[in-house]
Amino acid sequence: MASSDQDLVPVLDKDGVRLTVDDAIATVTLTNPDKRNAQSPALWRALTEAGRQLPGTVRVVVLRAEGRSFSAGLDRQAFTPEGFDGEPSFVDLARGADAELDATIAEYQEAFTWWRRSDIVSVAAVQGHAIGAGFQLALACDLRVVADDVQFAMRETSLGLVPDLTGTHPLVGLVGYARALEICVTGRFVAAEEAVNTGLANVAVPVGQLDDTVRDLAAAVLAAPRDAVVETKALLRGAQDRTYEEQRAAERQSQARRLRDLAGVGD
């Protein structure tokens, strides 16, 4: 996947993010391996833009990263008084009005939300370190394929902060409250075997097999009819917020739509 991604003309290539599209598969690549793909507000805006530029033909979005680490998390420059060039520093944000701070964090979060859209299936290919914001970016995706050297960690609490880039909801949903709390407050590493055993990862493979495994998974997703995949994802996404009886009703409604579509009968 790495070589084919690089052979394509990028739809977007800026601020450490490259988007390429090959028919039904889009690939979003983090492209700053020298800094272990550390994240910044500019990178988050580029990720948001990538989501907005997806053509309607795309059914699977693969998130990957160049280098030995998926993402070491937030660039430590964010914690300096100067912050990033052209950006308000975190100190400046903290001194601002509550509404302004809330709006800024909400803007940052947009980079992590579009991966859950019902019309796509997102797959994170994760190798090496995925720390803090890197962990949360992997959690933003529907599926995670990890290399056997993966090291997940949620370090925000250790720095006096909280995870605020949409990662807490999927983390609790995947591993449960108690384990999620322990992972966050201790900041410890979660390696490949535990990631698979607890549901954080779908599968772990040797580093050299990561791209091929993701390619095979994408092909398997594409083998199913698009509308059925869209309906199934929406059905499963909403299951946590529904009662058993509500989910039964949602299943009936979804199946009725599928049967009518297959029979060529309008609503």
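What follows walks through one strand and two helices of a predicted model. Local features need pLDDT of at least 70, side-chain atom pairs count only at pLDDT 80 or more, and totals for chains, interfaces and linings use all residues. Residues are numbered from 1 along each chain as its sequence is written, and side-chain values use heavy atoms, with hydrogens and water left out.

Start at strand β7; strands (E, at least two residues) and helices (H or I, at least four) are DSSP runs, numbered from the N terminus. Five of the five residues of β7 are buried, meaning under 20% relative accessible area (exposed is over 50%, partly exposed in between; 1.4 Å probe, protein chains only). Leu 143, Val 145 and Ala 147 point one way, Arg 144 and Val 146 the other.

β7 has parallel partners. Pairing requires at least two DSSP bridges between two strands. β5 and β7 share four bridges, and Ala 124 has Arg 144 as its bridge partner. β7 and β10 share three, with Val 203 as the bridge partner of Val 145.

Now take helix α9, residues 210-222. Its buried residues include Leu 210, Thr 213, Val 214, Ala 218 and Val 221. They cover an arc of only 135 degrees around the axis (directions from the axis to the C-beta atoms), which puts them on the same side of α9. The buried residues of α9 pack against β7 (143-147), β5 (121-126) and β10 (203-205), among others; contact means heavy atoms within 4.5 Å.

Finish at Gln 247 in helix α11 (residues 244-263). Gln 247 is buried, at 12% relative accessible area. Not counting residues up to four places away in sequence, Gln 247 touches Leu 235, Gly 238, Ala 239 and Arg 242.

Note on methods. The expected span of a helix is 1.5 Å times one less than its number of residues.
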